[in-house]
Structures are given as C-alpha cells and as structure tokens.
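Here are my notes after a pass through this one. Have it open while you read, and tell me if you see anything differently.

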Amino acid sequence: MITVQLKPKKEESLLRFHPWVFSGAILRIDGKPTEGELVEVLDSNRNFLALGHFQIGSIAVRVVSFENLKVDDDFWAKKIRNAYVMRQSLGLVAPGFNNTYRLIHGEGDSLPGLIVDVYDDTAVMQAHSIGMHEIRETLARAIVANVPEVKNVFYKSETTLPFKAAIEPEDGYLIGQVNPEIKALENGLQFHVDWLKGQKTGFFVDQRENRSLLEKYSAGKSVLNMFCYTGGFSVYALRGGAKLVHSVDSSAKAIDLTDKNMEISFPNDSRHTSFAEDAFKYLNNLHTLEQQYDLIILDPPAFAKHREALRNALKGYKRLNAKAFEQIKPGGILFTFSCSQVVSKEQFRLAVFSAAAESKRNVRILHQLSQPADHPINIYHPEGEYLKGLVLWVE
Ligand code: SAH
C-alpha cells in the first residue's frame with residue numbers, strides 16, 4: 001500500500017482522531033497514488049497513524065480507519081451495519097410511521113465523503129470523495145445486505161464529486177429500480193420525493209424534528225414558510241391546526257412539489273397558498289403595518305459555501321431576519337435557520353441579534369435547534385455541525 005508520511009508535529013490532529021489530512025501536512029508520498037486509492041498515513045517517524053482515501057486537493061486524505069485493519073467488503077459492511085443499528089435504536093426505522101432517515105452522514109458515521117438517505121425501500125447515495133465513488137458498488141451491496149427494508153440503491157453524485165477529477169460519474173440505479181413516485185413517510189406524513197430531479201437526495205431529511213416542533217406551535221396561527229422547497233414545514237403546520245399557511249420559494253419546481261405534497265395530505269385545503277417568488281421580493285411587498293403572520297419560518301439555502309463568502313453571508317442572514325422582524329405579529333414566533341457549515345452558531349446568533357436590535361423589538365430565544373440524531377457529529381470532527389436554528393418569541 002502506498003504510504004503518506006507527515007511532517008513532524010503534523011500527526012497531532014490525527015492522534016486526536018480528526019479524520020482529515022491536509023495536503024500541507026505531508027512530507028513525502030512513497031509511490032504515486034491514484035485519486036481515491038486507499039493509502040497508509042504515517043507520522044514523521046514512520047509509525048502507523050491511519051488508513052484513508054487519497055485525493056488531490058486541500059484535504060489530501062480522508063481517514064476511514066485509525067486501526068490497521070484489512071479494508072475489504074466486510075469492513076465497509078460493518079460500518080453500514082453500525083449506522084443502521086443506531087438509526088434503528090433511535091426509533092427512526094418505523095414502518096407505517098417513518099421510513100425516511102439519513103443512514104450515513106459522512107464523518108459522523110466514520111465514512112467521510114459518503115451520504116446516504118433512505119426513503120422507504122430506496123437508498124439514495126451521494127459520494128463527495130473519489131474514494132467513495134470508486135467503491136460505490138461495494139457500498140450499494142453492503143446497504144442492501146444490511147438494511148432489510150432497502151431494495152434499491154440510486155447513485156446521485158454528478159454534482160457532488162470534484163469536477164476536476166478524471167471520472168465521469170453518472171447518476172443511476174446501482175441496484176434495483178423503482179418508480180420515484182413512491183412516497184416517503186416522515187412522522188406519519190407522506191411526501192413525494194424525487195431523487196432524480198430534486199435537490200440533494202430529494203428531500204431535506206435534516207429538518208424532521210424542527211418541523212415537528214413547528215407543528216406543536218401551529219394551532220390557530222397564520223404561518224409563512226419561506227424557502228419552502230418540498231413544503232415540509234407547511235404540511236406539518238397544517239397538521240398542527242394552522243388557520244392559514246403561505247409557502248414561498250423562488251423555484252417553480254419547488255412550488256410544484258409543495259403543491260403535490262399538500263395534495264397528498266390536505267387535498268383542496270383552502271388554508272394553503274403557494275407563491276413562486278423571490279423571498280426578499282415577497283417580504284418587501286408585504287405591508288409592514290399589516291403584520292399578518294404569527295409564525296414565520298426562514299430556512300434559506302447555505303448563504304456561504306466557502307470561507308471567503310462568510311462576510312456577505314452574515315449580511316444576508318441579517319437582512320433576511322430583519323425583514324422577518326418587521327413583518328411578524330406581536331407575540332409571533334420566528335423559526336430561523338442557517339445550514340452554512342462555515343457560519344458558526346455564534347456568528348449566526350450574532351447576525352440574528354443585529355437584525356433584532358434594528359427592529360427594536362423585544363425578542364427571546366425559546367429554542368436553539370440543530371441537526372437531528374441521524375445527522376450525528378463525530379466528536380473529533382466539529383466541522384460536521386452545520387445546521388443551526390433559533391426559535392424566537394417576538395413581542
Ligand atoms: N425548508 C425546506 C428546505 C429549503 S432549501 C425544507 O424543509 O425542505 C432552500 C430553498 O430555497 C430551495 O428550495 C430554493 O429553491 C429556495 N431559494 C433559494 N433562493 C431563494 C430566494 N432568493 N427566494 C426564495 N427561495 C429561494
């Protein structure tokens with residue numbers, strides 16, 4: 001196996017089980033690894049540190065094992081099995097009530113570069129590293145063998161793999177095939193999930209518990225669901241007894257999906273209306289004097305995908321939240337989120353704080369939200385924490 005030897009002192013983060021080796025930490029590579037190849041990482045004295053997938057880029061190795069094990073089909077199967085057992089004991093595998101959950105959350109499941117979401121009998125797999133791309137068939141077999149409910153595996157990595165790599169990933173079924181019209185079930189609510197055309201794996205599984213919390217607060221309320229995508233929050237709000245729900249997304253396809261999902265659970269329900277419109281435009285066109293919403297959800301796409309975009313992202317969060325503070329009724333509740341990994345909890349809170357101060361309204365934090373347990377954070381890899389949310393009482 002090709003070895004990657006680190007510079008003196010550069011082994012420290014690996015000794016603390018952080019799963020990334022940055023290219024700047026490397027002293028010497030013995031041999032010429034191909035992208036995605038399994039390599040052995042050594043410290044400056046050539047002691048074993050870890051095994052991982054090699055890749056050209058700033059993260060040169062993604063660690064798959066800190067023990068010197070044989071990395072064969074069984075090795076991968078065991079990791080998949082572990083991940084499934086955890087979801088099962090969390091009560092997420094609940095046929096007839098919930099069949100939608102994240103099975104593999106990258107570093108959080110000690111499988112850096114791999115994301116797998118399960119919808120009923122189909123797993124949608126996304127590789128973010130060449131190493132995972134190379135072993136996609138093995139992983140697909142391991143999923144079907146270890147997750148009894150799953151019969152089909154759809155691979156969707158055309159947009160997630162580094163585009164410079166000399167590979168041409170094609171989206172498609174690795175195992176089985178199914179009509180994507182099948183319905184995902186989340187907390188007893190059915191959703192239409194289109195992994196062929198949808199964003200990410202087709203659904204934002206990470207908001208499941210936050211949607212449930214919103215449901216609890218929806219009775220008798222008028223609700224604005226900004227950046228609604230599949231309408232997840234809207235459907236929960238209606239089940240919670242909201243008197244009116246407005247769903248807004250700039251994408252017409254998203255609005256179609258929202259309407260479709262609404263038809264499944266609340267056909268012809270006059271309480272719901274959807275708007276294909278830009279969020280800022282929609283908010284700007286509302287009359288501030290007629291504050292009409294008791295509950296507003298702001299769940300925008302990641303404003304910052306890179307560190308360089310951070311400053312503008314924070315401004316964006318501030319501007320957006322300021323609009324919500326302008327528009328929400330006295331005694332209203334604001335659910336506000338950021339899914340940008342580079343924006344920390346503190347930075348996000350500060351952006352929302354600045355927006356609140358601008359509005360001069362009395363604001364209290366009711367809940368501080370995060371990602372659910374099927375999106376676990378590896379304790380040695382704090383970068384895995386990406387979703388943060390605040391639930392605010394606005395007087
Ligand atoms: N809340 C959703 C996920 C939101 S994803 C859920 O629970 O599933 C972010 C959504 O924001 C996408 O659907 C995207 O189309 C939409 N979007 C992006 N920019 C927008 C803008 N300027 N105005 C309104 N919607 C926007």
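1. Start just past helix α6: G241 sits there with a positive phi of about 95 degrees. Keep in mind throughout that this is a predicted model.

2. Now step back into α6 itself, residues 232-239. The helix is mostly covered, with 7 of its 8 residues counting as buried. Those buried positions are G232, F233, S234, V235, Y236, A237 and L238.

3. Next, the ligand. It has 16 residues around it, and the ones that come nearest are R211, D249, D278, A279 and D299. Two of these aspartates are worth a look for their side chains. In D249, a side-chain N or O atom is 2.7 Å from an oxygen atom of the ligand. In D278, a side-chain N or O atom is likewise 2.7 Å away, but here the ligand partner is a nitrogen atom. F227 takes part through its backbone: a polar atom there lies 3.1 Å from a ligand nitrogen. As for cover, the ligand on its own would expose 580 Å², and the protein buries 87% of that.

4. On to the hydrophobic side of things. The largest nonpolar core holds 33 residues, and L103, M132 and I143 have the most contacts inside it. Several elements feed this core with at least two residues each: helices α2 (73-89), α3 (130-134) and α4 (136-146), plus strands β7 (100-105), β8 (114-119), β9 (122-127) and β10 (152-155). The top contributor is α2, which gives 6 residues.

5. I143 makes a handy place to centre the view on that core. Which residues is I143 in contact with, leaving aside its neighbours within four places in sequence? The list runs I80, L103, V116, A123, M125, V150 and V153. L103 thus turns up twice in these notes: as a contact of I143, and among the residues with the most contacts inside the core.

6. Finally, the cysteines. A search of the whole structure turns up 0 disulfides. Why does C228 not form one? Because the closest cysteine sulfur, in C339, is 15 Å from the sulfur of C228, which is too far for a bond; a disulfide needs the two sulfurs within 2.5 Å. Looking from the other end, C339 has C228 as its closest cysteine, again at 15 Å between sulfurs, so a bond is out of reach there too. C228 also counts as buried, at 5% relative accessibility.

Key
Residues are numbered from 1 along each chain as its sequence is written. This is a predicted model: local features need pLDDT of at least 70, side-chain atom pairs count only at pLDDT 80 or more; totals for chains, interfaces and linings use all residues. Side-chain values use heavy atoms; hydrogens and water are left out. A nonpolar core is a set of buried Ala, Val, Leu, Ile, Met, Phe, Trp, Tyr and Cys residues joined through side-chain atoms within 4.5 Å. Buried means under 20% relative accessible area, exposed over 50%, partly exposed in between (1.4 Å probe, protein chains only). Helices (H or I, at least four residues) and strands (E, at least two) are DSSP runs, numbered from the N terminus. Contact means heavy atoms within 4.5 Å. A residue is near a molecule or strand if one of its heavy atoms lies within 4 Å of it. A polar contact is a pair of N or O atoms within 3.5 Å; within protein, one must be able to donate a hydrogen and the other to accept it, and residues adjacent in sequence count only if both atoms are side-chain atoms. Accessible areas come from the Shrake-Rupley method with a 1.4 Å probe; for residues, only the protein chains shown count as cover.
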